[in-house]
Amino acid sequence: MSPRPPRLAARELGPATIFALAIGLAALWLLARPSGAPTASYVGQWLGAESILLLSIALVLISTLPWVESWFDGIDRTAIWHRRVAITGLALLLPHLMLAQGEGDGGPGGALGAIGLSGLLALVAWAIIPRWQSVVPRALRPTVITIRDAPGVSRVRALLGGYERWRALHRTTGVFVAFGFAHAVLDGTPFRDAPILRWTFLAIGGVGLAFYVYRELLARFFLSLHDYQVARVTPIGSDLTEISLKPLGRPMTFVPGQFAMVYLEGKDGWHRHPFTIASSPHEDIVRVTVKALGDYTSNLRETVEAGMPAVIGGPHGRFFHHRGTDRQVWIAGGVGIAPFLSWVRALDHAPIAQVDLFYSADGAHAFGDELLAAADSHPELRVHLIDTSAVGRLTTAQVLSHVDEAPKGLSVFMCGPAPMLRTFQTELARAGVTPRRIHREYFDWR
């Protein structure tokens, strides 16, 4: 029998907690302001404290603790909010630097602050580079591409690029936050006249750094890891590969729609990557579907073979159709079909509501025959295969034309390219679908 999905926290619970903490800290600084404190300098110090609060929250969010994932309704949403609060925390440092001038800049605190700020800015640039097209105006993109592909720059990219290098550098975030924290403790002028501000600040920074130490030194001893072996590597079309993994010991228990951290040993060493599970929990293997997107995934067919060892960590995620209404729409784009494959493959053991599955792909549909066969066997499932090269992109109007339910009573589950999902999310809400009933998997959170 398939395990029941864990009890879910409300989607807004985690973000609401972040806003409450930020507002609470602002109220405390307003009430505890020492008499005679210069307004501009005090505001600058407060913004610095808010920055450390948000950066500490960012460290908590990447601690890998299960309750943190539940609080934010999935590790993918947790990662997204980690990025948001970290960027906001860094943005607050600019007005902090402008307003809180001269506060011990010549002492050790100033040097520690400079080191922390420089390191954090470098990490932000490192995180933005892979997504440069989302921040560079369209008119400037050809110039950026020319510079990117220049011989000297391309060699630097080859040396510094790759998920594993990005991940290793990203793990130094807590070190630079510690420098900023030490800077504030040494140079925080208001702390001398308002002990409550000092002790609150010490608690905020201490908690964040404690979670960071846990993540780096202790978390590995509490991870749920399972030994597997590669059973098959199956090419599907030109850019998809299905990897089948068989357990060597106790298999991982998961709910359809979840994903796992998959560690694979290839000919070029071990690699770690999050992959959505595409198999049913009732199969004796775990299957993941991989699209050739980066260096590692593009070379997967050549580097991974049957018999090679693998380790699966998890499962993670809260992308469950159980949370939907009796009338559902599933929308998949490209490799975003993976979680829906798991749902469809589990139909014999996990009945579903009335569902229309829309699978959009450019050209032939991987697994299309399997999905149509499943629809023939399960009347509650209707499958619509959309070839965008022939009929254009799937639209919200097309989706709703196949649904006989009023939009308010509809639940929508989506997985695919981010621009496609953002468009559907906006247009479905405009059409009357309740926003809380629009669910998506953020499989590109890395």
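## Asp-356 and Arg-382

Arg-382 is partly exposed in this predicted model, with a relative accessibility of 36%. Because the partly exposed class runs from 20% to 50%, Arg-382 falls inside that range. Its salt-bridge partner is Asp-356, and the N to O distance is 2.9 Å. Asp-356 sits at 0% relative accessibility and therefore counts as buried.

What does this pair tie together? Asp-356 belongs to strand β8 (residues 354-361) and Arg-382 to strand β9 (residues 381-387), so the contact links parts that are 26 residues apart in sequence.

## Other salt bridges

Searching the whole structure turns up seven salt bridges. One of them joins Glu-242 and Arg-287, with 3.7 Å between the closest N and O atoms. Glu-242 is part of strand β2 (residues 240-247) while Arg-287 is part of strand β5, so this pair connects parts that lie 45 residues apart in sequence. Both residues, Glu-242 and Arg-287, are buried. They also take part in a network of salt bridges that includes Glu-283, Arg-345 and Glu-370.

Arg-215 and Glu-216 form another salt bridge, where the closest N and O atoms are 4.0 Å apart. Is Glu-216 buried or exposed? Its relative accessible area is 16%, so with a limit of under 20% for burial, Glu-216 is buried.

## The six-stranded sheet

Now for the sheet that holds β2 and β5. Six strands make up an open sheet with antiparallel pairing, and their order is β4-β3-β6-β1-β2-β5. Which strands stand at the edges? They are β4 (269-276) and β5 (286-291); each has a single partner strand, so one side of each has no neighbour in the sheet. On average, neighbouring strands are turned by 35° against each other, with direction ignored.

For a look at one pairing in this sheet, take β3 (residues 259-266) and β6 (residues 309-316), which are joined in the antiparallel sense over five bridges. Here Met-261 is placed opposite Gly-313 of β6.

## A nonpolar surface patch

Finally, have a look at the surface. Val-213, Leu-217, Leu-218, Phe-221 and Phe-222 make a nonpolar patch there, and together they offer about 560 Å² of accessible area.

Where is Phe-221 found? Phe-221 lies in the loop that runs between α11 (195-218) and β1 (225-236). Its relative accessible area is 62%, and because exposed means over 50%, Phe-221 counts as exposed.

Definitions and conventions:
Residues numbered from 1 in each chain as written. Predicted model: local features only at pLDDT ≥ 70, side-chain atom pairs only at ≥ 80, totals over all residues. Heavy atoms only, no water. Patch = residues over 30% accessible without salt bridge, like charges linked within 9 Å, V, L, I, M, F, W, Y side chains within 5 Å. Areas by Shrake-Rupley, 256 points an atom, 1.4 Å probe, with all protein chains shown as cover. Salt bridge = Lys/Arg side-chain N within 4 Å of Asp/Glu carboxyl O. Helix = DSSP H or I, 4+ residues; strand = E, 2+ residues; numbered from the N terminus. Buried < 20%, exposed > 50% of the residue type's maximum accessible area, 1.4 Å probe, protein only. Pairing = 2+ DSSP bridges. Axes fitted to C-alpha atoms, helices over the stretch in contact; angles between N-to-C directions.
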